[in-house]
Amino acid sequence: MFPPPGFTLALLGATHRRKQFSSGDARVDEWLKHKPLAAMRKNTSTTRVLLHRDQTIAGYYTLANTALDVSLVPPELFGGQRPTKAPPTLTLAWLGVDQQFTGKGLGTKLFARALADGVRIYELVRFVAVIVDALTDANVSFYRSQGFEPVPGTTHKLYLSATTLLKVVLG
Ligand SMILES: CC(C)(COP(=O)(O)OP(=O)(O)OC[C@H]1O[C@@H](n2cnc3c(N)ncnc32)[C@H](O)[C@@H]1OP(=O)(O)O)[C@@H](O)C(=O)NCCC(=O)NCCS
């Protein structure tokens, strides 16, 4: 069930209490504190927050339309060939859960919700793959366990082809 009982999902707004958010990874916390509202004003990414009933931000994720550099495109996405132009991708740019709420399944649920958003976006405007830039080796293992493959030539960039995305989310 999403959102879980006692939580709501909302588009990030200026009144949300971003400064108190603490996931344990400073990069994830600093991004939420300083960047996503400006990014939404500039139309470069969209951030949604999972709010606890007391309005604490329990978690968040950020999605962005992106394009994958031609040199990085896994050949299997294009029938073994390289495309001539950078193909459209959807990037799960950030995801975090506040330490007060970790270990309760919220990270997995937010991730699943981000992929479900991806399917809705795909139905309207196609893209070739979902991309994640994992912050740590543990993140890489998690995303690999969810069907993501490493982008050849990179260490922490992974992709899930749109075809696999549909299978993972729709079954
Ligand atoms: C990683 C994180 C999102 C997990 O949140 P959570 O609510 O505890 O997740 P769950 O309760 O669903 O966890 C189930 C397991 O899946 C892992 N997991 C879930 N979502 C994850 C994710 N996006 N990346 C890596 N691991 C994840 C958890 O670490 C946990 O592993 P464990 O049982 O070995 O400890 C959270 O700890 C966090 O925000 N960490 C710092 C920021 C971060 O790493 N974000 C991901 C950026 S790529």
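In which loop does Asn-43 lie? Asn-43 belongs to the loop between helix 2 (36-41) and strand 2. The model examined here is predicted. Within it, Asn-43 takes a positive phi of about 60 degrees, although it is not a glycine. Most residues other than glycine have a negative phi. Asn-43 counts as exposed because it has 9 C-beta neighbours inside 10 Å, and the limit for an exposed residue is 12 or fewer.

Gln-55 also has a positive phi without being a glycine; the value is about 75 degrees. The residue sits in the loop between strand 2 and strand 3. Its C-beta neighbours inside 10 Å number 12, so Gln-55 counts as exposed. Asp-54 is placed in the loop between strand 2 and strand 3. Asp-54 is exposed because 8 other C-beta atoms lie within 10 Å. Asp-54 and Phe-7 are 47 residues apart along the chain. Their C-alpha atoms are separated by 9.1 Å.

A further backbone feature appears in the segment before strand 1 (7-11), where Pro-3 lies. The peptide bond joining Phe-2 and Pro-3 is cis. Its omega is about -10 degrees. Most peptide bonds are trans.

Attention now turns to the interior. The largest nonpolar core has 38 residues. Tyr-61, Leu-92, Ala-129, Val-130 and Tyr-159 touch the most other members. Several elements each supply at least two residues of this core. Among them are helix 1 (26-34), helix 3 and helix 5. The strands that do so include strand 2 (46-52), strand 3 (57-67), strand 4 (88-97), strand 5 (129-133) and strand 7 (157-161). Strand 4 gives the most, with 6 residues. In soluble globular proteins, nonpolar side chains tend to be buried together.

Val-130 illustrates the contacts of a core residue. Neighbours within four places in sequence are left aside here. Val-130 is then in contact with Leu-90, Leu-92, Leu-115, Gly-118, Tyr-159, Leu-160 and Leu-165.

Two of the helices that supply the core also pack against each other. How far apart are the axes of helix 3 and helix 5? Helix 3 (residues 106-124) and helix 5 (residues 162-170) have axes 10 Å apart. The packing angle is about 120 degrees. Helix 3 and helix 5 are therefore oblique to each other, since the range for roughly perpendicular ends at 115 degrees and roughly antiparallel begins over 145. The crossing is left-handed. On the helix 3 side, the contact is made by Leu-115, Ala-116, Gly-118, Val-119 and Tyr-122. On the helix 5 side, Ala-162, Leu-165, Leu-166, Val-168, Val-169 and Leu-170 take part. Of these contact residues, 10 are nonpolar, 1 is polar and none is charged.

Gly-147 is found in the loop between helix 4 and strand 6 (149-150). Is Gly-147 exposed, partly exposed or buried? Gly-147 is partly exposed, because 15 other C-beta atoms lie within 10 Å, and that count falls between the 12 of an exposed residue and the 20 of a buried one. Residues up to four places away in sequence are not counted among its contacts. Gly-147 touches Leu-160, Thr-164 and Val-168. Val-168 also takes part in the contact of helix 5 with helix 3. Gly-147 and Trp-94 are 53 residues apart in sequence and 18 Å apart in space, C-alpha to C-alpha.

Leu-135 lies in the loop between strand 5 and helix 4 (137-145). With 15 other C-beta atoms within 10 Å, Leu-135 is partly exposed. Residues up to four places away in sequence aside, Leu-135 touches Asp-25 and Arg-27. Leu-135 and Lys-157 are 22 residues apart in sequence. In space, their C-alpha atoms are 9.1 Å apart.

Terms used:
Residues are numbered from 1 along each chain as its sequence is written. This is a predicted model: local features need pLDDT of at least 70, side-chain atom pairs count only at pLDDT 80 or more; totals for chains, interfaces and linings use all residues. Axes are lines fitted to C-alpha atoms, for helices over the stretch in contact, and angles run from 0 to 180 degrees between N-to-C directions. Helices (H or I, at least four residues) and strands (E, at least two) are DSSP runs, numbered from the N terminus. Angles under 35 degrees count as roughly parallel, over 145 as roughly antiparallel, 65 to 115 as roughly perpendicular and the rest as oblique. A crossing is left-handed if the near helix is turned anticlockwise from the far one by less than a right angle, and right-handed if clockwise. Two residues are in contact if their C-beta atoms, placed from the backbone, lie within 7 Å. Ala, Val, Leu, Ile, Met, Phe, Trp, Tyr, Cys and Pro count as nonpolar, Asp, Glu, Lys and Arg as charged, and the others, Gly among them, as polar. A nonpolar core is a set of buried Ala, Val, Leu, Ile, Met, Phe, Trp, Tyr and Cys residues joined through C-beta atoms within 7 Å.
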